[in-house]
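Here is my note on the structure, set out as numbered points. Please read it with the sequence and the model open beside you.

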Amino acid sequence: MEKILFKEKLRQWVDTLNDYEVLAPAFADSVWDYARVEAETEIDLSHTNTVNPPKQFAFPQREVFFRFERVDGVPRLTPTVPDPKPTLVLGVRPCDGRGMPCNDTVFSKEYRDPYYWARREKLTLVGLACNEPYAPNCFCQSVGGSPHSTEGLDVLMTDLVDRFHVRGITEKGLEVIERGGDAFDRVKDDDAAEVEKVHAAARSRPQRPVAEMDAVAKAIREQFDSPLWEEMARHCIGCGICTYLCPTCHCFDMNDEVTGPNAGTGERVRTWDNCQFPEFTMHTSGHNPRGDLAARLRQRVAHKFLYFVENHATRQCTGCGRCISGCPVGIDIVAVVDRVTRS
Amino acid sequence: MVNVDELRSLAAELLEQGQVRSLIGYRRGTAGVLAEPCTIAAPGEAETLVWDPTCLNNLALFLVEERKQQAAASAPDKRPVGVVAKGCDSRAVSVLLQENYFKREDVFILGVSCEGTGVIDPRKLSARLKGRWPTRVEFAGEDGFKVSAGGDETLVPARELLADRCLECREASPRLNDVLFGEVVTERGFDEPFRAAKAAQEATEDARWATWERHFDRCVRCFACRAVCPMCYCPECVVDSTTFVNTPGTSAEEKATRIRWCERSANVSESAVYHLTRAIHLAGRCIDCGECERVCPVNIPLRLLNTKLEMEAFQQFEYEVGRDFERPSLLSSFRDEDPNSFIR
Amino acid sequence: MMENVYLPQIGRIAGIREETQGARAIKTFQVEFPDGDAFEHQCGQCAMLSVFGRGESMISIASSPLVKEYKQFSIMKMGRVTSAFHAARIGDFIGVRGPFGNQFPLADWKGRDLVFVGGGVGLAPMWGALQTAVARSQDYGKISLFYGARTAGDLMYKADIEALQTSVAVQLSVDNPEEGWQGYTGFVPANLMEKAPSSNNAIAITCGPPIMIKFVLQNLKALGFADEQIYTTLENKMKCGIGKCGRCNLGKDYVCTKGPVYSWAELKKLPQEY
Amino acid sequence: MPNPLHSNASEAQEHEPRVVAFLCKWCSSAGSDLAGVSRIQYSANATPITIPCTGSVSPMYILAAFNKGADGVLVSGCHPGDCHYMEGNYLARRKLYLVQQLLRFIGLEADRFRMSWVSAAEGAKFAEIVDEFVGDLRALGPQNRLKARH
């Protein structure tokens, strides 16, 4: 189902979704990030891309699994599976959209994660195609994506200067478009051609080239023990930016947080975790299978370009470029992958 | 003007004669317009060294990494390490010397003066270019930058792109150095020192808390501000359980009774303990290189916490951080005329 | 309500037996399920044990699946959660989540000799398989157990091993013996080399400190054991136990779901990151 | 006895402020004992924690106290010059001044963290300080800015 949404009627559409929690990119503290759309919010979809991907709405930084307390000597557990309002996220870039199917795979293979899916099923992602790759480090087309791919999205909007071309993709997408009612107009015949022209132009814009993407997996396996990793990770400082900002990183930690006067009352909490931190794989004996930053850089790159391919026949990198732009010391996954493939 | 060729030839010479075992500097990055840190050991690599307004990193951090590897190495190479240092970076080296983290003879400082300008703030640059990609930023004359983006080049006055730390910088040339490239500059025509902290202090108590509650809430605890700080060199950070080190010798009691001063959760109360602990542990040690604020992915104004304490140290205790590494540090010294009125 | 894989069942500590003292004390716990919701498990599988307020840790289930009344766990005092276990008393409640991981393929080993090689607390993960094999000894050939530790005081399950003497060729060894020690003196791999069990139609299962496994593997190869005949169970840091939290991987495998039991043939193909 | 002058907001009325008091063992702790021995009536809201010297108060203790829900934190030690360790209170004066400034900078109510000099002979002064502190805290109501919320 395809419609036209004039930009001035965007607000009208959002207002019809009153039982949804609507989030849209907002420019605050000189960064773009998702913020809740209130009555007086001026929705602005001229964003480059948000700092945090929409992954946070299904896999938040902090998730309480259950509360525990002692009731006459016996521990009583109260599971806290979330039951959120239906959530609609506007302005999702296709690279972030493509990240969600990777996370869906992880959180459903072999065991189904009830906390992730309680949020994920209520989440509707309204994508906005990239008319021109915004950052110096975009490489979505090199990893099988495109500036207007629909993977993982429920709706795809394309900006046609004064109006959006809106295409419903999934059930959830069709439902929110129907709710919009007369906020939408019929698609005229030249609209389709214009959309195709805009998409073609977006595809032709230069992106960060990746040498031979198909040879990467094999190269990583062959170069597993090469000193190249040591040299590339030389100035890594082991922070969490590259993984916390990544649309497909899903590693987490689980801890008990005591909330009462004694250890018997508290919460078991899941928080994001990061393979670059020293404690991530450290055994309680002190033995650490990945004790140095070179092994950890290799793990991050291998997980996305080798292990995920071996397990799920698809890469776990959508080419959004956040880990490159965000890295304090300029470690660049495209350069890493190129060097490993070339040597 | 800093003559980059002289810098490169001196670097090559130092490595050639083996005066330094390696040299830490900046080179062109692959990840965008910013220069990236590099460590070179062969004289031939000196060609790759650059010096331009995108050399943001505080390279003292890599002196700390070098020192840690040195301590772990079985047969350490005793020669010093060369480091390219701006005014702020050399003040960081000075504080590290003050804390005996390494000896003065362990480091050879190639001082570079920022002279009339300084380094850029990447966010101000991208805001100005509205999404167009900058490919190069160079020093251009006394008070401007030449920005080349998408084929055309524009001259931009320094004030519009300078990082806040440079606007408030009190001494743009490294006082502590073995060799200095560029002129000594102590007068700066930009903001007066601690301007941002003074401004933030004016807000009402509730307004201040509302701002900082929002910042602590947005923090995702990626620990980049700690990882990038040369002063945060503790092997185990007391508020970051991901750095707790277990060795075969660590007893079960030690591990079991380790205090968790704050939980790993990224909510307001725990992130507040993390950031406030870091700020107080940097009192009298932070030289305002601004890297914590620069690397923060959600752009929390962390410099404010540190410059507030630096201002108090300067105003109440007449203590200038990184000024002179022979002097006792702020919190291990006192004066009779320290403020006493706040104690009832 | 969807089955919540992170929600532990409540277990009650029914029995505590002190195996060894000292800094790295080991205690064996027998855990019952007051709500009667005990899960079935296979030999070699593990469970996540919770002490609420302290955390969770992954411990191998030491009892055989044939034992229904309780599940047995041998825990060495190492850190936050395990110290809480060592401070626990009979009747205390804990959380149990599982079973996790794959199993020793006992069915494939029918008709073959079994050589168990354990070190220190490494005996526990194999104990279930050993007990099950002894209970069905008619299905298997000669069963032998090489087990050693630093001192005689560090040997676990002494009484149970004594009871096995009739059906299992037990070869105990200690690194530094007190007087009156009749068993072998030296490391487990050396004891293995000396007794030299035959490798034809045999399966070797080994578990213990990494340094011991390294030499046991060498010696087993020297004794003619093929890679497919050698099995071990790995130990990596684990938090979720269900292949999602990303830390226990060995190459593409998450040890908590694809392992912890590996034949050396499979393990050899994976990066040696454990 | 809560100071009548300060109690106004009703909601703050029933909340009994909880104060964590770090008392240096040589002076202020002895001062609080003297207050007790001399039967001086004063608010019982302060939980005393004896420390060797105010110089040994780590900022972590103060942040942890507020994190766990303390409404006020008091650090009390010997007068300058009386310190058993000669300069502990001078160093504390500088360090805790910075802690106080930092806490005020991020917006914690200014009155919630206090420092005082109380010698072993000043039992009355200690009682008065605690009374005044609890009175001020009662007006401020419960501390929920740095407190961990569940």
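1. A residue is called buried here if 20 or more other C-beta atoms lie within 10 Å of its own, exposed if 12 or fewer do, and partly exposed in between, with C-beta atoms placed from the backbone. The model is a predicted one, in which local features need pLDDT of at least 70 and side-chain atom pairs count only at pLDDT 80 or more, while totals for chains, interfaces and linings use all residues. Residues are numbered from 1 along each chain as its sequence is written, and chains are lettered from A and ligands numbered from 1 in the order in which they are written.

2. Helices (H or I, at least four residues) and strands (E, at least two) are DSSP runs, numbered from the N terminus. Helix α8 of chain B, residues 205–218, has 14 residues that should span 20 Å at 1.5 Å a residue, and its end C-alpha atoms are indeed 20 Å apart; the expected span is 1.5 Å times one less than the number of residues.

3. Which residues of α8(B) are buried? They are B:W212, B:H215, B:F216 and B:R218, and because they cover an arc of only 165 degrees around the axis, they lie on the same side of α8(B). The arc is that of the directions from the helix axis to the C-beta atoms. The face turned away from the buried side of α8(B) carries the exposed residues B:D206 and B:A207. An α-helix has 3.6 residues a turn, so residues three or four places apart point the same way.

4. Two residues are in contact if their C-beta atoms, placed from the backbone, lie within 7 Å. On that basis, what covers the buried residues of α8(B) includes α11 (268–281) of chain B.

5. Chain B as a whole has 13 helices and 8 strands. Its radius of gyration is 21 Å, close to the 20 Å that the globule rule gives for 344 residues, so chain B is as compact as a globular protein of that length; the radius is taken over C-alpha atoms, and the rule is 2.2 Å times the number of residues to the power 0.38. Of the 344 residues of chain B, 49% count as buried, and residues 24 or more positions apart account for 68% of its contacts with a separation of 6 or more.

6. Chain A has 11 helices and 11 strands, and its radius of gyration of 22 Å agrees with the value near 20 Å for a compact globule of 343 residues. Of the residues of chain A, 51% count as buried.

7. Among the 5 pairs of chains that touch, chains A and B share the most contacts, with 38 residues taken from chain B and 41 residues from chain A. On the side of chain B that touches chain A, β2 (36–40), α4 (122–129) and α9 (224–227) of chain B each supply at least two residues, and the largest share, 3 residues, comes from β2(B). By contrast, no contact joins chain C and chain D, whose closest C-alpha atoms lie 15 Å apart.

8. Leaving aside its neighbours within four places in sequence, B:A224 is in contact with A:C239, A:G240, A:I241, A:P328, B:V295 and B:C296.
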